[in-house]
Amino acid sequence: MKVILKAYAVSLDGEYWVTINATSRGVAKNKFRQDLEWDVAYIDIKCKTLGDVEFHTTERFKQNAKYRGIEFAYCGMKVQLGENFGWIVGHNSSANLDVLFYKGKPSYVGHTLNCHPNWKMKYFDKQGNIIKDYEKEPTK
């Protein structure tokens, strides 16, 4: 089964929307719900696919990538951590990357994990070539 990453717009009121990169509307709604500081019914969350947009990279993500020295990174970029392959789907308050793993250890696959951008991470371009390999070139 091929897993596809898409950008979804998610909202509570239909006026203010947040973009979330996920593999389905349900996953996007769950991520949105988890990020709220209060409890809200799943059914009250509105979600729509952003047309043909595969993924969305925010300005805040770009700032975080620059801060971490990975200006080339974007949401939807394929990465490898050990034997595990995933997509960058965002960043977090630790200035680390949120990576959704699609191949590798069963304990990783299907999960979005907090990953340090310079720790044993390999970054791939759209053709599958390695852009940066922190396993071979560790940070100092």
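**Exercise 1: The sheet**

Work out the order in which the six strands of the open sheet are arranged, and find which strands lie at its edges.

*Solution.* Start with the arrangement: in this predicted model, the six strands follow the order β7-β6-β5-β4-β8-β9, and they pair in an antiparallel way. Next, look for strands that pair on one side only: these are β7 (112–115) and β9 (130–133), the edge strands. Finally, add the twist, which averages 35° from one strand to the next.

**Exercise 2: One edge in detail**

Describe how β8 and β9 pair, and find the bridge partner of Lys122 in β9.

*Solution.* Begin with the pair of strands: β8 covers residues 121–124 and joins β9 through three bridges, in the antiparallel sense. Then go down to single residues: Lys122 has Asp133 as its bridge partner in β9.

**Exercise 3: A helix across the sheet**

Find the strands that helix α2 lies across, and give its angle to β5.

*Solution.* First locate α2 at residues 59–67; this helix lies across β5 (84–91) and β6 (97–103). Now compare directions: α2 runs at about 115° to β5.

**Exercise 4: The cysteines**

Count the disulfides in the whole structure, and explain why Cys115 has no bond to Cys75.

*Solution.* Searching the whole structure gives zero disulfides. Cys75 takes part in none, and its nearest cysteine sulfur belongs to Cys115, 13 Å away. A disulfide needs the two sulfur atoms within 2.5 Å. The sulfur of Cys115 cannot bond to that of Cys75 because 13 Å is too far. As a last step, check burial, for which the cut-off is under 20% relative accessible area. Cys75, at 2%, is therefore buried, and Cys115, at 4%, also counts as buried.

Key: Residues are numbered from 1 along each chain as its sequence is written. This is a predicted model: local features need pLDDT of at least 70, side-chain atom pairs count only at pLDDT 80 or more; totals for chains, interfaces and linings use all residues. Side-chain values use heavy atoms; hydrogens and water are left out. Buried means under 20% relative accessible area, exposed over 50%, partly exposed in between (1.4 Å probe, protein chains only). Two strands pair if DSSP finds at least two bridges between them. Helices (H or I, at least four residues) and strands (E, at least two) are DSSP runs, numbered from the N terminus. Axes are lines fitted to C-alpha atoms, for helices over the stretch in contact, and angles run from 0 to 180 degrees between N-to-C directions. Contact means heavy atoms within 4.5 Å.
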